[in-house]
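I opened a fresh page for this chain. My plan is to look things up one by one and write down what I find.

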Amino acid sequence: MNSQAIIRPLANKSDIPYAAIDCEGPWISTNQRRFLETIAIQAKRVHKKKNNQLD
């Protein structure tokens, strides 16, 4: 929880996709999986945008 208070504002300031997921044990729920998939897609878009800016 303490790390979320530090990481979230930095991620927002830098326009970096960020997910904080609470889980107990090695299993994730269907909604958590969907959330992670959404974050992965956002990260790919940000990465592609940054690569295009370098060209």
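Which residues form a nonpolar patch on the surface? I found three names: Ile-6, Ile-7 and Leu-10. Together they have about 290 Å² of accessible area. I note here that I am reading a predicted model.

**Entry: helix α1.** I placed Ile-6 in helix α1. I then checked its cover, and Ile-6 counts as exposed at 57% relative accessibility. The helix around it runs over residues 2-13. I looked for buried residues among its twelve and got a count of one, so I wrote "hardly covered" beside α1, with buried meaning under 20% relative accessible area. After α1 comes Asp-15, and I read a positive phi there, near 55°.

**Entry: the salt bridge.** How many salt bridges does the structure hold? I found one. Its partners are the side chains of Glu-37 and Arg-33, at 3.3 Å from N to O. I recalled that side chains of opposite charge can pair when their charged atoms come close. Both residues sit in helix α2, which covers residues 30-54. They are four residues apart, about one turn of the helix. That fits a rule I keep at hand: an α-helix has 3.6 residues a turn, so residues three or four places apart point the same way. I also looked up their cover. Glu-37 is partly exposed, at 41% relative accessible area. Arg-33 is exposed, at 52%.

**Entry: Gln-32.** Is Gln-32 buried or exposed? I read a relative accessible area of 17%, so Gln-32 is buried, the cut-off being under 20%. This residue lies in helix α2. I followed its side chain and found that it reaches the backbone oxygen of Asp-22 at 2.7 Å. Next I listed its contacts, leaving aside neighbours within four places in sequence. Gln-32 touches Ile-21, Asp-22, Cys-23 and Trp-27.

**Entry: the whole chain.** I stepped back last. The secondary structure comes to two helices and zero strands. What is the radius of gyration of the chain? I noted 14 Å, where a compact globule of 55 residues would have a value near 10 Å. The C-alpha trace spans about 45 × 25 × 15 Å along its principal axes. Of the 55 residues, 7% count as buried. I wrote down the exposed area too: about 5,000 Å², with carbon and sulfur atoms supplying 55% of it.

Terms used: Residues numbered from 1 in each chain as written. Predicted model: local features only at pLDDT ≥ 70, side-chain atom pairs only at ≥ 80, totals over all residues. Heavy atoms only, no water. Buried < 20%, exposed > 50% of the residue type's maximum accessible area, 1.4 Å probe, protein only. Salt bridge = Lys/Arg side-chain N within 4 Å of Asp/Glu carboxyl O. Patch = residues over 30% accessible without salt bridge, like charges linked within 9 Å, V, L, I, M, F, W, Y side chains within 5 Å. Areas by Shrake-Rupley, 256 points an atom, 1.4 Å probe, with all protein chains shown as cover. Polar contact = N/O pair within 3.5 Å; in protein donor to acceptor, adjacent residues only side chain to side chain. Contact = heavy atoms within 4.5 Å. Rg over C-alpha atoms; globule rule 2.2 N^0.38 Å.
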